[in-house]
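Biologist: I've got a model open and a few labels I'd like explained. Could you walk me through the reasoning behind them?

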Amino acid sequence: HERLRALLDELRNQINREEKCMVDKRRQEASMKELLRALSQKQRAQARINVADRLERAQGKMDEIARAKQLISLGSGAAIDAEELKAAVRQRLRTQLEPWLEHELSVLHPRL
């Protein structure tokens with residue numbers, strides 16, 4: 001009878017140890033799930049940061065392209081204005097400077 005009681009006590013102790021072990025494993029599992037969830041959230045946050053950085057760089061490139069287009073259009077507009085300016089300067093040189101220059105040259109060199 002005493003032996004049976006000792007055996008039952010030993011079995012109860014084993015069951016208690018197993019239950020404690022199961023509780024510890026559940027805690028570890030919950031802890032691991034929480035760590036995985038946190039890691040997943042961190043990874044998603046990092047992915048969002050990476051996407052935002054890429055979008056920002058793309059926006060910068062688009063702004064750079066837009067500025068380049070503006071400069072090109074200004075440059076081509078400036079080229080047209082420059083041609084008009086050159087034509088206007090040539091016209092004034094012909095109408096105002098050329099007669100004076102011809103007069104001066106005729107005075108210096110009457111044969112020309």
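Modeller: Sure, this is a predicted model, and we'll take the salt bridges and then the surface patch.

Biologist: What makes R27 and D24 a salt bridge?

Modeller: The closest N and O atoms of R27 and D24 are 3.5 Å apart. The cut-off is within 4 Å, so the pair counts as a salt bridge. Both residues lie in helix α1, three residues apart, which is about one turn of the helix.

Biologist: Why is R27 called exposed?

Modeller: R27 has 56% relative accessibility, and exposed means over 50%, so R27 gets that label. Its partner D24 has 29%. Buried would need under 20%, so D24 is partly exposed.

Biologist: Okay, what about E29 and K33, how far apart are they in helix α1?

Modeller: They're four residues apart, so about one helical turn separates them. Their closest N and O atoms sit 3.5 Å apart, and they form a salt bridge. E29, at 44%, is partly exposed, and so is K33, at 47%.

Biologist: How many salt bridges turn up in the whole structure?

Modeller: Five. Another one of them joins R17 to E10, with the closest N and O atoms 3.5 Å apart.

Biologist: And the patch, which residues form it?

Modeller: V89, L93, L97, W100, L101 and L105 make a nonpolar surface patch, with about 530 Å² of accessible area together.

Biologist: How do you know that L101 is accessible enough for a patch?

Modeller: L101, in helix α1, has 41% relative accessibility. Patch residues need over 30%, so L101 clears that bar.

Definitions and conventions:
Residues are numbered from 1 along each chain as its sequence is written. This is a predicted model: local features need pLDDT of at least 70, side-chain atom pairs count only at pLDDT 80 or more; totals for chains, interfaces and linings use all residues. Side-chain values use heavy atoms; hydrogens and water are left out. Patches are made of residues with over 30% relative accessible area and no salt bridge: like charges are joined within 9 Å, nonpolar side chains (Val, Leu, Ile, Met, Phe, Trp, Tyr) within 5 Å. Accessible areas come from the Shrake-Rupley method with a 1.4 Å probe; for residues, only the protein chains shown count as cover. A salt bridge is a side-chain nitrogen of Lys or Arg within 4 Å of a carboxyl oxygen of Asp or Glu. Helices (H or I, at least four residues) and strands (E, at least two) are DSSP runs, numbered from the N terminus. Buried means under 20% relative accessible area, exposed over 50%, partly exposed in between (1.4 Å probe, protein chains only).
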